[in-house]
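Colleague: Could you take me through one part of this model in some detail? I would like to look at the parallel sheet and what packs on it.

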Amino acid sequence: MGSIKKAVQFARTGNPPDVVEVIDLETPAVGPGEALIDIEAAAINPAHLLTLSGSYGVQPELPAIPGAEGIGKIVEVGSGVTNVKPGDRVMIPPYTGTWRQQAVVQADHILVSFPPEGDPIQMAMIMANPPTAWLLLKTVVDLEPGDWVIQNAANSAVGQYLMQLAHIYGYKTVNVVRREGFDDLVAKSNGDICVVDGADLGERVKAATGGADIKLGIDAVAGEATQHLADCLVENATIANYGLLSGAPCHLSPNDIIFRNINLKGVWLTMWLRGRDSTPEQRAAVYDELRGYIIEGRMHAEVEATYTLAQIKDAVAHALRQRGGKIVILPNG
Ligand SMILES: NC(=O)c1ccc[n+]([C@@H]2O[C@H](COP(=O)([O-])OP(=O)(O)OC[C@H]3O[C@@H](n4cnc5c(N)ncnc54)[C@H](OP(=O)(O)O)[C@@H]3O)[C@@H](O)[C@H]2O)c1
């Protein structure tokens, strides 16, 4: 019999803090080709909260263990495993439920290794948000150094990574937030301009950029916020919608669609990870690049608080509130 460890489980969907519970879970024996990992840190992302409430794009069979990304240390490997060894610190394979103390995974699904030193919390957040920022900047329109892009929800983790990555690539960013107080965060993230959203966003952004031709709008919010981005864009530009934070449909005027050829396109990391428009080699190269930036501290996301598994209801409730950074679970304390 394997050891008994703690895990978070949800057996129904609903209000996220109400549906999560801590259970005892027996760790299965490690089979050929498998690796046993002690999970060090796992963030709570909006997608996980949508999954708990039953409204994400893919829903697991229930009961399920929430969380889809994290970092951990290999404890044991099964026969035939050559890519990792006990003691290695690795990114948990995408979409493994990570709000638990231990997981057994297919060793060949482990894409990224990290050095043993360094902040596990920053490393724990590599799987979803950094490559999403990369996809938004690198796969939607062709950008040259010096080009401008505009994004909303700029104080989110994706928003911070996007500013940092855009700066690395030489692009300039207009960063839209929904409330005052993020000038310092935008400057710290190497963003260029910070503006608060509103119906007159187009005029204010034109004044702030000196009338720059912006051909990429990056939209995590939808609703009226989509139209506000469109108001800032040059003819033939594209809006990449990748989030549904407002819960409303994307608003886009037919005047912009027909007369100015503003395009609206969806971006979803899950599809890229599943191989749409990507090969395993390309995905490995992207993660390798991002891993380097995280180790060097050039990509970093603010963290507001950490919680243990036993505090999971408080952690999830905190993640649902307005906050100044990520909520991260430390399953092994
Ligand atoms: N398509 C993909 O593949 C993909 C991949 C990763 C993430 N995402 C999406 O990216 C977005 C950001 O994720 P994250 O992990 O970076 O978020 P996060 O760090 O947890 O931050 C949440 C952000 O959402 C903002 N927000 C919440 N409700 C809002 C509303 N009604 N209107 C406007 N802004 C609102 C918050 O602003 P305040 O600080 O003002 O509350 C904050 O900036 C989410 O929508 C997530 O689902 C998509």
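Modeller: Happy to; here is the sheet, with a little of its surroundings.

Please keep in mind that this is a predicted model, in which local features need pLDDT of at least 70, side-chain atom pairs count only at pLDDT 80 or more, and totals for chains, interfaces and linings use all residues. Residues are numbered from 1 along each chain as its sequence is written.

To set the scene, the chain has 12 helices and 15 strands; these are DSSP runs numbered from the N terminus, helices being H or I with at least four residues and strands E with at least two. Of its 333 residues, 41% count as buried, meaning that 20 or more other C-beta atoms lie within 10 Å of a residue's own, whereas 12 or fewer make it exposed and values in between partly exposed, with C-beta atoms placed from the backbone.

Now to the sheet. It is open and parallel, with 6 strands in the order β10-β9-β8-β11-β12-β13; two strands pair if DSSP finds at least two bridges between them. At the edges stand β10 (193-196) and β13 (263-266), each with a single partner strand, so one side of each has no neighbour in the sheet. From one strand to the next, the twist averages 20°. Angles here run from 0 to 180 degrees between N-to-C directions, and axes are lines fitted to C-alpha atoms, for helices over the stretch in contact.

At the β13 edge, β12 and β13 run parallel and are joined by 4 bridges. A240 has K265 in β13 as its bridge partner. Helix α5 (residues 157-169) packs on the sheet, where it touches β8 (148-151), β9 (172-177) and β11 (214-219), and its direction makes about 165° with that of β9. Helix α7 (residues 201-209) also packs on the sheet, touching β8, β9 and β10, with its direction at about 160° to that of β10. Contact means that the C-beta atoms of two residues, placed from the backbone, lie within 7 Å.

One loop leading to the sheet deserves a look too. N236 sits between α8 (224-230) and β12 (238-241), and has a positive phi of about 70° although it is not a glycine. N236 counts as exposed because it has 12 C-beta neighbours inside 10 Å.

Finally, back to the whole chain: among contacts with a separation of 6 or more, 67% come from residues 24 or more positions apart.
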